[in-house]
Protein chains: 2
Amino acid sequence: MDLSNPLLTLPGHHYRDQNGTDTRNYGGLDGLPGIKTLFADILAVHPDNVLVGGNSSLTMMYETLQRACQFGVPGGSGPWNQDTQRKFLCPTPGYDRHFLITEHLGFRLLNIDMTDSGPDMNQVESLVSEDASIKGIWCVPLHSNPTGCCYSSDVVRRLATMKTAATDFRILWDNAYAEHHFEGAKPALENIAEIAMTADNSDRVIQFASTSKMTLPGAGVAAMAGSTANIADAKRHLSVQSIGPDKVNQLRHLAFFGNVEGLRTHMTRHAQLVKPKFDLVAEILQHQLSGLGIAKWSRPKGGYFIDLTVQTGHARRVIDLAGRAGVRLTAAGAPFPYGHDPLDRHIRIAPTFPELEAVRQATEALTTCIRLAAADD
Amino acid sequence: MDLSNPLLTLPGHHYRDQNGTDTRNYGGLDGLPGIKTLFADILAVHPDNVLVGGNSSLTMMYETLQRACQFGVPGGSGPWNQDTQRKFLCPTPGYDRHFLITEHLGFRLLNIDMTDSGPDMNQVESLVSEDASIKGIWCVPLHSNPTGCCYSSDVVRRLATMKTAATDFRILWDNAYAEHHFEGAKPALENIAEIAMTADNSDRVIQFASTSKMTLPGAGVAAMAGSTANIADAKRHLSVQSIGPDKVNQLRHLAFFGNVEGLRTHMTRHAQLVKPKFDLVAEILQHQLSGLGIAKWSRPKGGYFIDLTVQTGHARRVIDLAGRAGVRLTAAGAPFPYGHDPLDRHIRIAPTFPELEAVRQATEALTTCIRLAAADD
């Protein structure tokens, strides 16, 4: 967060954007043109297909689905609320707050296995081709939370082109870690919006991104991108719901980043802070656990998490043991719908926040707990 | 807006609030304690009953009603969506964006006549006592948009204590102009939350306020206040929908205002800018139109608007004529549900934005158009 402290005195006395818009006043439902361009560059779409909102992409996802439930979406046949059997696909392990949104809005959640290259597409295709009540799928295409996997070309193409029984199926494409690479080059990611358009499925994809894990988590800027019809539909509802986003904060971020190149330079500074922590966790896990057959773990090249897989039935016990030793971990089951890990074996590690020495101690303690749990068997 | 330009470089390098909370990070669903206290002072409630959000109270109203439609509210018997006959009371003339929210969410809108002391309570009581599908009423209790009337003690008491057929009736109490007085002392306003509580109707009232017309309209801070049950219910949903509000902007406003006394001092500077414009409009209307029997107008002591009533059937014509003369006014009918002024006679005047000389010219031209329309009869 300290890297972004210059934001705390911005935008200074320049409150007009490049077009002369007074950012202090009402209006501008879809965001300043400059910030639309910035997010368009991040998501590889045209700025006209971008809508920039407030401080949270999660809120934009919630609102997108709440609008679909209340009013329906382009290509559909009415409010999703009318389908009392509505369901949503949840690749697991995944992001608990995604799953919670769809649970809260009355969807039944269906687990999809996550592979090293994205959701298991055989499972996905088999389900969506049969059941018109399956309305969508949650996706984090780069450095997925928590496994860190990046979606392969094949997975993206199949998602964009597959046949769905629902005419109004939606992919919620949360590209939360689009610029969060700490190891090697930026991973290749197919342009899902273009592929979907070519396949005549342009309304299927709604993308999201935010600066929450770039600048200040609670005071950043979030955006969504979609087809012309999806953005027009969102704006039609937002014109009733909103007086416009906080454009001063958008200008503040523009002043801080300059453009997407400035943003990427900023993210290399993040990577320099984050990478040693991931390296340290990997080193300790390797040293303490490799060859024992009691755990495996993901080796992300970006994002914020490591997925640690222990023996079936051990995750909850390990997390409890660690808690008693003073190491607070994400609750067991959290990366699964309804908080239920069917094999009770996934542990999410989030090494970015603590200082390096604390990461070392916590990881050492965690490996001890894993060995203790294994020895109890 | 210029009065609030110091906000553009705040909060500076102090990003922790008085309790040491790092405002940059996630969390704090109901806002910083300091900003909760500030809004509690404005609304005369306890800080525990306040929830501070993002940049728009209108958005908080929309979300309050969207949640009621999707999930229901404390004291009710399920989602309001289930009542396909749901209705909402709209004191008229009133605020178009209020009416639009309820129209958009599928309520039938019922006109209530506005008197000099608030909505006509005989009409209100007669309707709500009979029809359980009437779920609520829009209220702007001080300097109501657009008439400028302030609700009398009798009106507030009757609203808070009346019998309603709906067990989950809600008063959306938009105290948008709680601190916006430019003439004389702050008007007395009964404490509706206290009266409702005494009458065992504490869940009936949900209050709203914001700094939109105090600091920067698009980049302010908004809040709601309600009973313990209402706030807990809102937080239960917000915990899914939100990662927390922009606390840096809350801290920014705390740094700018200090406390409610600082806020009131700030508002006296607003009053000094705004009052001459209202005085000028009143003077021109008086000089050009008094005694002719073709128009009357409200004389607000605060807020942002004047309601000008012309002869029945003349408003649209006058607004068209003024438009052709280069004076842009709020669309005819806007202060009424569905944009329909049944007697076509109300014109909303908003004199705060233009410079004094522009206000003079526009008002002179407007009076000419009124006389022309009258002469055409």
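## Strand 10 and the A–B interface

In this predicted model, strand 10 of chain B and strand 11 (residues 346-349) of chain B pair in the antiparallel sense over 4 bridges; strands are DSSP runs of E, at least two residues long, numbered from the N terminus, and two of them pair if DSSP finds at least two bridges between them. The other pairing listed here joins strand 9 (residues 295-297) of chain B to strand 10 of chain B, antiparallel, by 3 bridges.

| Strand paired with strand 10 of chain B | Bridges | Sense |
|---|---|---|
| Strand 9 of chain B (residues 295-297) | 3 bridges | antiparallel |
| Strand 11 of chain B (residues 346-349) | 4 bridges | antiparallel |

Within these pairings, Thr309(B) is the bridge partner of Lys296(B), and Asp307(B) stands opposite Arg348(B).

Why is strand 10 of chain B largely enclosed by the rest of the structure? Of its 5 residues (306-310), 5 are buried, so the strand is largely enclosed; buried means under 20% relative accessible area, with a 1.4 Å probe and protein chains only. Ile306(B), Leu308(B) and Val310(B) cover one side, and Asp307(B) and Thr309(B) the other.

Now to the interface. Chain B and chain A each bring 52 residues to the contact, meaning heavy atoms within 4.5 Å. Across it there are 2 salt bridges, each a side-chain nitrogen of Lys or Arg within 4 Å of a carboxyl oxygen of Asp or Glu. Arg24(B) and Asp2(A) meet in a salt bridge at 2.8 Å, N to O.

Residues are numbered from 1 along each chain as written, and chains are lettered from A in written order. Local features need pLDDT of at least 70, side-chain atom pairs 80 or more, while totals for chains, interfaces and linings use all residues; side-chain values use heavy atoms, without hydrogens and water.

Key. Buried < 20%, exposed > 50% of the residue type's maximum accessible area, 1.4 Å probe, protein only.
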